[in-house]
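Hi,

Here is the structure I promised to pass on. Have a look at it first, and my notes follow below.

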Amino acid sequence: MLRCVVIGGGAAGFFGAISCAVNHPHTQVILLEAGRNPLTKVSISGGGRCNVTHHCFEAAQLIQFYPRGGKALRSCFTRFQPKDTVAWFAAHGVKLKTEADGRMFPVTDDSQTIVDCLIEAAREAEVIVRTGTPVKAIRREEGYFEVGLKTDQEIPCDRLLIATGSNPLGYRWAKELGHTIEPPVPSLFTFNIPDPRLKDLAGISVENVHLKLLETGKEKFEQQGPLLITHWGLSGPAVLKLSAWGARVLHDHRYKLSLMINWLPEYNSETLRQALLKVKSSEPKRKVFSYCPFNLPKRFWQRLVSFCEINSEVPWAELSKKGLNLLVQELTQGVYKIEGKGVFKEEFVTCGGVSLKEVDFKTMESKVCKGLYFAGEVLDIDGVTGGFNFQSAWTTAWLAGQAMGVK
């Protein structure tokens, strides 16, 4: 009987083990998890609701949400993509729903539903799940692997799946087995920006802004979308996406870069100047401070007007050329200094991992160590927020499980 060992009791580990056991019933599948409770990241994800996947069913479109790994995933998504994830969970009694922004959650709004479903599916598939079982070492022998546990027990196996997420041990074992590791650095985080323009405005959100990192050399890092002002700086979808795409450059600059914000991305400096001049003639008696002609939160508008040193009593008709220029500058090209990063809730995503050049994405088998497979975040793949990281875990794990049990 073929024996497959899966190291890591997270989303990718469970899904890979289930996929292997279901498709190859004559294979013994053993899942090893160091912690007492498996699927801990699943249980805390999405604020305890578990953002299972994203309502995006076109592979070409889907890969655009992956700062690293999108190209490699394209062919994978033609075989197992969000539509298949939805169908898989439905077949196991869990219905998913789609929210306005495309994120998909269980209808229960409870991540425990997903945890219970995976544990039950593993039990039904007769996967041997061993929790509280840390792995100490992996040895490659002639034609098989020896997985050494901290108890000094050794488990020989024909095939091995490493699905350890961003755990440094997973990177270490992959490296010992001949793989290149792209240095892991954080992705998906908020920006610490101590700036008087943002002080005491925590909780204010702007529907659509354009962000651009400055001083990054030839590479351009820009994002557009909703933004949230926080106690420590900036968050929201636009910031999180920018942090993901710019993860390496931000790390290399020690999270100290300048950020340019266009608070009104439908305008550039010239078109905004014309719009403000129109307001001067159409609303001459209204005060600049109290009358905002744009879809911006009132308190934020008033803060920028004050920052531009425009007196709160000045009517639009008397707005000076200097005041108008400063307003145009602040609204379309305001520059803010990023002084560090904050962690996005409890969902910590890492950019980096096993080099994708060394993995066959048809099977997720290593190109340098026969019989060794990878799935999930141990690979140099990461997506933006919205269910994309879970989807790459489901997809790579499903492919690995399909291939591992083939004799």
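Before the strands, one bit of vocabulary: two strands count as paired if DSSP finds at least two bridges between them. Please also keep in mind that this is a predicted model.

With that in hand, take β3 and strand β5 (residues 103-106): they run antiparallel and are joined by two bridges. If you want a spot to click on, His54 has Arg103 in β5 as its bridge partner. This pair belongs to an open sheet of three strands, ordered β3-β5-β4, with antiparallel pairing. β3 (53-54) and β4 (96-98) sit at the edges with a single partner strand each, so one side of each has no neighbour in the sheet. As a reminder, strands of a sheet pair through backbone hydrogen bonds.

Next, look at β12. Strand β12 (residues 189-192) pairs with strand β18 (residues 340-343) through four bridges, in the antiparallel sense. Here Phe191 is opposite Lys341 in β18. β12 is also joined to strand β15 (residues 233-235), again antiparallel, by two bridges. Asn192 has Gly233 in β15 as its bridge partner.

Last, the pockets. How much space lies in the second largest pocket? About 180 Å³. Its lining has five charged, four nonpolar and three polar residues. Among the residues that line this pocket are Arg140, Asp158, Arg159, Glu365 and Lys370, and the lining also includes Leu2, Gly143, Thr363 and Tyr373.

Cheers

Methods:
Residues numbered from 1 in each chain as written. Predicted model: local features only at pLDDT ≥ 70, side-chain atom pairs only at ≥ 80, totals over all residues. Heavy atoms only, no water. 1 Å grid on protein atoms, 1.4 Å probe; cavity = no way out; pocket = protein on both sides within 12 Å on 5 of 7 lines; lining within 4 Å. Points joined across faces, edges and corners; volume = space filled by probe spheres on them. Nonpolar A, V, L, I, M, F, W, Y, C, P; charged D, E, K, R; others polar.
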